[in-house]
Amino acid sequence: MLDLLFHNIGIPTGKGRYHVGVKSGSIVLCEPAGVELPNAREIIEGEGNILLPGLVETHIHLDKAFLTEKSQVAAGGLAEAIAVTRALKSNYTYEDIYNRATRVLERSARFGVTTMRCQVEVDPIIGLQAMEVTLALKEKWRDTIDMQLVVFPQEGIMQQPGTAELMEESLRMGADVVGGIPYNDYSASDHITFVFDLAEKYGKPIDLHIDFSDNPSELNVLTVATETINRCYQGRVAAGHVTSLGSVMRENALEYAERLAKADLQIMCLPATDLYLGGRQDIQAARRGLTPVKLLHEAGVNVTMGTNNMRNAFTPFGTGDPLDIALLLANTAQFGTVLELEQIMQMATSHAARALGLTQYGLAVGAKADLVMVQAERVEDIIIDRPPRLGVWKNGVKKAEMFVETRRF
Ligand SMILES: [Zn+2]
């Protein structure tokens, strides 16, 4: 007897209607719908809708969400965004971070996010406060969203004495991933070495903010690719932004992409932030400031996407819906055919899961029953319409239903 059966439902990777069965929190049946109806305690009629694996938010900053409610948005570029946010950070309280982060989590859950990687700031200004908050939230939300916490030294490591010790303490407290930001320190290469050393010491994966500029000679990601191979860290290193690669001549970019693929780097495009802050020095014909998503994808690099920031100086926009980011990326990276929109869907789901090292993910027997049912009949419409989420399940347990955004429908 199944706990739950989705009857005659669409799936993103198959034609026609399927039966998807859940038992004890896992998918135990996923096959084309036949005439025989398996026994189940609860049956949900597909009614022309599509069942997706739970959405994966690969990169988000809970601790600095909704800061536009506290301060005016910076009109300038990246350096100003960092400065404006640093000024606000000294006034954070535990309760303040907790409340702003909770607002993001509540939105994400209703949009169908079942796994999230959070960048948590650690430095002498904020100390371990944001880490303490997000560790508490990780425990509180464990039955709804799996949270991976990245120790993120936003202000640099070497240029902010005390940060290295705080990063190590965060890992002892339970953080999951070692973060880094080579572009905001005295020496990018020393910064990268430190991050790899720390990750190796604690056996953790790595997630870097890197090469966030329009300067084609800023390519620290190549150093990271070499280091990844030298330390046998293939598949365990993520690189966010990597926008400078978008300004590199195509033939060189192709060669670099092959090096990233060989190291199995996980490239995370963060389009909302990259488009907002990129190309600021271009007086005319401004560049989009994105990493070359199509080129990387075609070279075999695992490319995914993330929200990054919501409503702060880095990105004054954002609803928390990963499908908004998917549409933004499809539009600006020029993925418009049916096949390309299906690729964008994969980047938001299976590619994202791979980037975060998730096992038992997807619509397949043996996978965890993290599911979201969307009101759409075709995969391309999921990206274009960002339709209502009719239900969200975590480990086979229903978490949200019929979240209809009135602003859209
Ligand atoms: Zn970020």
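These are my notebook entries on a zinc site, a run of parallel strands and one buried glutamate in a predicted model.

**Zinc site**

I started at the metal and asked which protein atoms serve as donors to the zinc ion. I found NE2 of His-59, NE2 of His-61, NE2 of His-209 and OD1 of Asn-308, lying 2.1 Å from the ion. Along the chain, I read the donor spacing as H-x1-H-x147-H-x98-N. I then placed two of the histidines: His-59 sits in strand β6 (residues 55–60) and His-209 in strand β10 (residues 206–210), so this pair ties together parts 150 residues apart in sequence.

Next I looked at the geometry. The angles subtended by the four donor atoms run from 85 to 170°, which makes the arrangement irregular. A tetrahedral call needs all angles between 85 and 135 degrees, so I noted the 170° end of the range as the reason it fails here. For reference, I jotted down that the ideal angle for four tetrahedral donors is 109.5 degrees.

Are the histidines buried or exposed? His-59 has 0% relative accessibility and so counts as buried. His-209 comes out at 3%, so I put it down as buried too.

**Strands β11, β12 and β13**

I moved on to strand β12, which covers residues 266–269. Gln-266 and Met-268 point one way from the strand, while Ile-267 and Cys-269 point the other way. I checked burial for these residues, and all are buried.

Then I went through the neighbours. Strand β11 (residues 237–241) runs parallel to β12 and is joined to it by three bridges. Within that pairing, I matched Gly-240 with its bridge partner Met-268. I also traced the connection: the chain leaves β11, passes through helix α7 (residues 250–262) and reaches β12, giving a right-handed β-α-β crossover.

With strand β13 (residues 302–305), β12 again runs parallel, and I counted four bridges. Met-268 turns up here as well, with Thr-304 as its bridge partner in β13. My note on Met-268 is therefore that it has a bridge partner in β11, Gly-240, and another in β13, Thr-304.

**Glu-168**

Last, I looked up Glu-168, which is in helix α4 (residues 163–173). Its relative accessible area is 18%, and the cut-off for buried is under 20%, so Glu-168 counts as buried. What does it touch beyond four places away in sequence? I listed Leu-198, Lys-201 and Tyr-202. With Tyr-202 I also found a side-chain polar contact of 2.7 Å.

Terms used:
Residues are numbered from 1 along each chain as its sequence is written. This is a predicted model: local features need pLDDT of at least 70, side-chain atom pairs count only at pLDDT 80 or more; totals for chains, interfaces and linings use all residues. Side-chain values use heavy atoms; hydrogens and water are left out. Buried means under 20% relative accessible area, exposed over 50%, partly exposed in between (1.4 Å probe, protein chains only). Two strands pair if DSSP finds at least two bridges between them. A crossover is right-handed if, with the strands pointing away from the viewer, the path from the first strand over the helix to the second runs clockwise. Donors are N, O and S atoms within 2.8 Å of the metal (3.2 Å for Na, K and Ca); water is not among the atoms, so sites may look incomplete. Four donors count as tetrahedral if all angles lie between 85 and 135 degrees; four count as square planar and six as octahedral if opposite donors are over 155 degrees apart and all others between 65 and 115; anything else is irregular. A polar contact is a pair of N or O atoms within 3.5 Å; within protein, one must be able to donate a hydrogen and the other to accept it, and residues adjacent in sequence count only if both atoms are side-chain atoms. Contact means heavy atoms within 4.5 Å.
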